[in-house]
Amino acid sequence: MRAVVFERYGEPAEVREVPDPRPADHGVVVRVEATGLCRSDWHGWMGHDPDISLPHVPGHELAGVVEETGARVTRWSRGDRVTVPFVCGCGSCPSCAAGDHQVCERQTQPGFTHWGSFAQYVALDHADVNLVAIPGDLSYATAAGLGCRFATAFRAVVQQGRVAAGSGWPCTGAAGWACPR
Ligand SMILES: [Zn+2]
Ligand SMILES: [Zn+2]
């Protein structure tokens with residue numbers, strides 16, 4: 001596949017051919033249809049994130065289509081339109097059991113702990129826990145922004161700022177997106 005790769009922190013990245021990702025038995029590979037860019041990508045590129053090892057493919061705000069599923073994945077099939085909160089929980093630790101997938105001690109993050117979505121394909125772990133279906137009338141570009149910037153801001157406003165508690169904001173209940181109320 002083609003992907004954006006950097007070999008050294010803070011130096012120009014380039015588009016090149018790299019091996020296609022393979023799904024873990026609990027994971028999927030998604031064909032990327034849209035991917036966002038945020039300051040966390042800059043931190044990663046500058047070498048501020050110890051989870052990154054070089055060479056690296058960034059990208060954590062993504063939406064796309066399931067291309068391949070691992071043997072243990074039961075909820076998703078090839079062709080499903082999906083996005084993810086960029087922090088992917090393991091689904092089985094105490095934090096995940098409490099609904100706090102975003103602080104899972106075994107979390108994975110595309111674009112940080114492994115290669116991300118500045119590529120044709122991206123591998124996502126624990127797919128049954130982390131993937132979120134995209135409604136048919138929601139564009140890939142819009143969906144790609146939900147996991148990082150919307151969910152992060154939502155929790156900041158509702159839980160930390162306590163601004164919207166009780167306002168009836170919709171809660172999906174999916175991994176990492178859980179309603180704080
Ligand atoms: Zn982001
Ligand atoms: Zn966990």
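This is a chat about the zinc sites, a pocket and the aromatic pairs of a predicted model.

Colleague: Before we start, what kind of model is this, and how do you number things?

Modeller: It is a predicted model, where local features need pLDDT of at least 70 and side-chain atom pairs count only at pLDDT 80 or more, while totals for chains, interfaces and linings use all residues. Residues are numbered from 1 along each chain as its sequence is written, chains are lettered from A and ligands numbered from 1 in the order written, and side-chain values use heavy atoms, with hydrogens and water left out.

Colleague: Thanks! Which residues hold the zinc ion (ligand 1)?

Modeller: Its protein donors are C38 (SG), H60 (NE2), E61 (OE) and C148 (SG), at 2.1 to 2.2 Å. Donors here are N, O and S atoms within 2.8 Å of the metal (3.2 Å for Na, K and Ca), and water is not among the atoms, so sites may look incomplete. Along the chain the spacing reads C-x21-H-E-x86-C.

Colleague: And what's the geometry there?

Modeller: Tetrahedral, because the 4 donor atoms subtend angles of 99 to 128°. Four donors get that label if all angles lie between 85 and 135 degrees. For reference, the ideal angle for four tetrahedral donors is 109.5 degrees.

Colleague: Are H60 and E61 buried or exposed?

Modeller: H60 is buried, with a relative accessible area of 1%, and E61 is buried at 1% too. Buried means under 20% relative accessible area, exposed over 50%, and partly exposed in between (1.4 Å probe, protein chains only).

Colleague: OK, on to the zinc ion (ligand 2). What coordinates it?

Modeller: Four cysteine sulfurs do: C90 (SG), C93 (SG), C96 (SG) and C104 (SG), at 2.3 to 2.4 Å. The site of this zinc ion (ligand 2) is tetrahedral, with angles of 102 to 117° among its 4 donor atoms, and the donor residues are spaced C-x2-C-x2-C-x7-C.

Colleague: Where do those cysteines sit, buried or exposed?

Modeller: C93 and C96 are both buried. C90 counts as buried at 6% relative accessibility, and C104 does at 2%.

Colleague: With that many cysteines, how many disulfides are there?

Modeller: The structure holds 0 disulfides, taking a disulfide as a pair of cysteine sulfur atoms within 2.5 Å.

Colleague: Switching topic, how many aromatic pairs did you find?

Modeller: There are 2. F6 and Y9 have ring centres 6.1 Å apart and planes at 55°, so that pair is tilted. F86 and F112 are tilted as well, 6.2 Å centre to centre with 55° between the planes. Rings of Phe, Tyr and Trp (its six-membered ring) pair if their centres lie within 6.5 Å; planes under 30 degrees apart count as stacked, over 60 as edge-to-face and the rest as tilted.

Colleague: How accessible are F6 and Y9?

Modeller: F6 is buried at 1% relative accessibility, whereas Y9 is partly exposed at 33%.

Terms used. Four donors count as tetrahedral if all angles lie between 85 and 135 degrees; four count as square planar and six as octahedral if opposite donors are over 155 degrees apart and all others between 65 and 115; anything else is irregular.
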